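Reader: I'm new to reading protein structures. Could you walk me through this one and show me how each label is earned?

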Amino acid sequence: MPSRQLRNVVVVGAGVAGTRAAETLRQEGYDGALTVVGAERYAPYHRPPLSKKFLTGKVHRAGVDLAPQSDMDARVLRGASALTVDMASRTVAVRGDGQDLSLPFDGLVIASGAVPREWPGGAVPDGVLMLRTVDDCLAIRDRLGSRPRVVVVGGGFIGAEVAASCRSIGLETVLIEKGSGPLLSALGEELASRWAGLHRQHGVDLRVGVGVDGFVGNGRVEGVRLTDGSRVAADLVIVGLGVTPATDWLEGSGLRVDDGVICDATGVAEGGTGEVTVVAAGDVARWWHPLYERHLRTEHWDDAGRQGAAAARTLLAGPQDAEPYDEVPYFWSDQYDVKLQMLGVPTDYDAVKIVEGNPDTWEFVAAYGRGGRTIAVLGTISGRVYAYREAIEKRAEFPPSRPD
């Protein structure tokens, strides 16, 4: 049961973080009013398949819906956007279906997620699209049926996965990354280079160290001009330049925002009044992680769900009695027949070593170290990274011993 009395909780965001927060509130005994504000008109759904099996048609629309874990018994506003939050009056201003609402709260969960970065060059011709939502995915999928020449701009996880998906259905695909290789910031040079080779092995025309200067086409895209002076033919361009935390609506609230809502280790947002608890979770939040001793904003589905649940428990317990969230971050990415799994955060690593298997066979485990200690483990052997959780949690000597 909740250790303090709350009567009116508002959850802004209906993705996995907001949904898990709302469900956890009910599971933990909260019986007051609960309002969930969702920008999309759909029920909550899984985002990871959008760049993979849903994009290629292997999974149908109903297959990405997020299965409810419990009856939230909530007022759910769909197609609604939070405009502002007033900490003095404890209200969130919301606009939806042509009307403005003022939602009172004595507990607030910020789970508004992130939005894709727009193309910086202004207006783009027809056929240049981004991928973030179900509607985005359906729009792209409709065009894939005509067998277009596809150019993917951006070699992060979304771009790499989209390129792999397009090649898997036999489309001519070019992947453009202005850095020295795809997935470089996430995996580091030593291992990212292997995924570059994987894409080339599967027929992707991978262009690295080059950016996009503009698009060619009279109203409809026909090609992409690169900064090295070359031109790539294209019938469809998918832009993946990363995302920005959705925090505009928090301007003037007093909450601390710096590449996301800054939170302590329990999920409490910094800059609040102290009279009412505000927590944040998911892509919009930067939590202090006790293990890594830094604020982390991980942008991964698994973390978002677990953070949402932890934030709800913090809200119910109150800041003084809340427990720190110190779960080791985890994410995965499916590209072709290779499943990448990462446990931990390899940021600022100074050593990397293969500790199991053989990268040439695509069945291996690699460890990242910093200062002689193990900080993260990457694996392509399904589930094997979990065996190294204790080594990461206890900062075991690097390289870690192979678990039994």
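Author: Happily! Let's start with a term: accessible areas come from the Shrake-Rupley method with a 1.4 Å probe. For this chain, in a predicted model, the accessible surface comes to about 17700 Å², and 46% of that belongs to carbon and sulfur atoms.

Reader: Why is Gln307 called buried or exposed?

Author: Buried means under 20% relative accessible area. Gln307 has 7% relative accessibility, so Gln307 counts as buried. This residue sits in helix α7, residues 301–317. Leaving aside neighbours within four places in sequence, Gln307 is in contact with Ala281, Gly282, Ala285, Trp287 and Tyr325.

Reader: Which residues of helix α3 are buried?

Author: Val134, Cys137, Ile140 and Leu144 are buried in α3, which spans residues 134–144.

Reader: How do you know where these buried residues of α3 lie around the axis?

Author: Look down the axis of α3: the buried residues fall within an arc of 125°, so they line one face of the helix. Their cover includes α2 (53–56), β9 (128–130), β10 (150–153), α4 (157–168) and β16 (236–239).

Reader: And what makes up the secondary structure of the whole chain?

Author: Eight helices and 26 strands.

Reader: How do you know how compact the chain is?

Author: We set its radius of gyration, 22 Å, against the globule rule, which gives 22 Å for 404 residues; the two are close, so the chain is as compact as a globular protein of that length. Of the 404 residues, 52% count as buried.

Notes
Residues are numbered from 1 along each chain as its sequence is written. This is a predicted model: local features need pLDDT of at least 70, side-chain atom pairs count only at pLDDT 80 or more; totals for chains, interfaces and linings use all residues. Side-chain values use heavy atoms; hydrogens and water are left out. Helices (H or I, at least four residues) and strands (E, at least two) are DSSP runs, numbered from the N terminus. Buried means under 20% relative accessible area, exposed over 50%, partly exposed in between (1.4 Å probe, protein chains only). Contact means heavy atoms within 4.5 Å. The arc is that of the directions from the helix axis to the C-beta atoms. The radius of gyration is taken over C-alpha atoms; the globule rule is 2.2 Å times the number of residues to the power 0.38.
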